[in-house]
Amino acid sequence: LIARAHSQPAPAPAQAVRTLPDNVELLPDVVFGTGGGRPLKMNIVRPKVIPEAPMPVVVWIHGGAWLAGDNNPGRNIALAQRGYFTASIEYRLSREAQFPAQIEDCKAAIRYLRANAEKYHLNPNKIGCWGSSAGGHLVALLGTSGGVKELEGSGGNPDFSSAVQCVVALFGPTDFTQIGKFPSTMNHMAANSPEALLLGGPIADNPEKCRAANPITYIDKSDPP
């Protein structure tokens with residue numbers, strides 16, 4: 001995990017994706033719910049010609065040590081070209097809100113997509129997610145914590161499931177209590193580490209918060225691949 005703060009504001013979708021292939025379209029800044037009393041937005045990239053069958057969904061969740069990054073939709077373009085409905089979502093960063101705000105926002109996005117499956121011509125039974133670093137942690141947690149009420153939050157569409165059917169978790173932590181045992185240029189056990197900012201204190205001092213944030217805590221036979 002690399003703790004890197006942005007020196008400039010996040011680019012608007014039109015700046016972040018300067019050109020789109022002719023066969024896809026961008027729906028920018030779609031409000032999918034609320035977090036901490038403010039609107040949360042996703043950038044949707046989908047095929048320009050809507051396929052006859054309801055589309056499978058892929059959700060990208062960005063990295064940035066939970067304290068940086070944005071919902072640039074660029075990584076999803078190639079998938080949209082192949083017929084997937086894609087969304088790149090924002091979530092509250094750790095300097096705005098501590099855990100579980102981040103996973104609550106991710107779950108709100110999944111519920112929004114499922115609640116609006118008919119509107120967007122989606123297959124609500126085929127929602128996958130992928131992410132790297134902090135995003136890898138959050139997608140892993142999405143995958144293992146389906147149905148865990150304590151992590152659902154109140155971001156919207158409470159009558160719909162936040163479960164996902166597939167997860168691609170790229171180099172995200174799955175057990176915070178083990179993270180200090182691996183070579184790193186950063187002291188992940190320090191009071192100013194990204195993990196401490198996320199949890200509200202150092203890992204060693206917050207075993208219960210670590211347990212709640214660890215994707216491995218919730219593993220069971222119902223989890224998706």
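The legends below describe close-up views of a predicted model.

**View 1. Gln102 and its surroundings in helix H3.** Gln102 belongs to helix H3, which covers residues 101-115, and with a relative accessible area of 0% this glutamine is buried. A polar atom of the Gln102 side chain lies 3.3 Å from the backbone nitrogen of Phe99, a residue that also takes part in the cis peptide bond shown in View 2. Leaving aside residues up to four places away in sequence, Gln102 touches Tyr91, Arg92, Leu93, Ser94 and Ala97, together with Leu138 and Leu198.

**View 2. The cis peptide bond between Phe99 and Pro100.** The peptide bond that leads from Phe99 to Pro100 is cis, and its omega is near 15°. Pro100 is placed in the loop between strand S4, residues 85-89, and helix H3. The backbone nitrogen of Phe99 is the atom that lies 3.3 Å from a polar atom of the Gln102 side chain, and Gln102 is itself part of H3.

**View 3. Helix H3 along its length.** The 15 residues of H3 should span 21 Å at 1.5 Å a residue, and this agrees with the end C-alpha atoms of the helix, which are 21 Å apart. Because 14 of the 15 residues of H3 are buried, the helix is largely enclosed by the rest of the structure. One of the residues in this helix is Gln102, whose relative accessible area is 0%.

**View 4. Strand S4 and the strands that pair with it.** Strand S4 is largely enclosed by the rest of the structure, because five of its five residues are buried. Phe85, Ala87 and Ile89 point one way from S4, while Thr86 and Ser88 point the other way, and all of these residues are buried. Strand S2, residues 38-47, is joined to S4 by four bridges, and these two strands run antiparallel. S3 pairs with S4 in the parallel sense, over five bridges. Ser88 of S4 has Asn43 standing opposite, and Trp60 also stands opposite Ser88.

**View 5. Positive phi values at Asp29 and Ala65.** Asp29 is not a glycine, yet its phi is positive, near 55°. This aspartate is found in strand S1, which covers residues 24-35, and its relative accessible area of 38% makes it partly exposed. Ala65, likewise a residue other than glycine, has a positive phi of about 60°. Ala65 lies in the loop between strand S3, residues 55-61, and helix H2, residues 77-81, and with a relative accessible area of 0% this alanine is buried.

**View 6. Cysteines without a disulfide partner.** A search of the whole structure finds zero disulfides. For Cys129, the closest cysteine sulfur is that of Cys166, and because the separation of 7.6 Å is too far for a bond, the two are not joined. Cys129 is buried, with a relative accessible area of 2%. For Cys210, the closest cysteine sulfur belongs to Cys106, at 18 Å from the sulfur of Cys210, which is likewise too far for a bond. Cys210 counts as buried at 1% relative accessibility.

Conventions. Residues numbered from 1 in each chain as written. Predicted model: local features only at pLDDT ≥ 70, side-chain atom pairs only at ≥ 80, totals over all residues. Heavy atoms only, no water. Buried < 20%, exposed > 50% of the residue type's maximum accessible area, 1.4 Å probe, protein only. Polar contact = N/O pair within 3.5 Å; in protein donor to acceptor, adjacent residues only side chain to side chain. Contact = heavy atoms within 4.5 Å. Pairing = 2+ DSSP bridges. Disulfide = S-S within 2.5 Å. Expected span 1.5 Å × (residues − 1).
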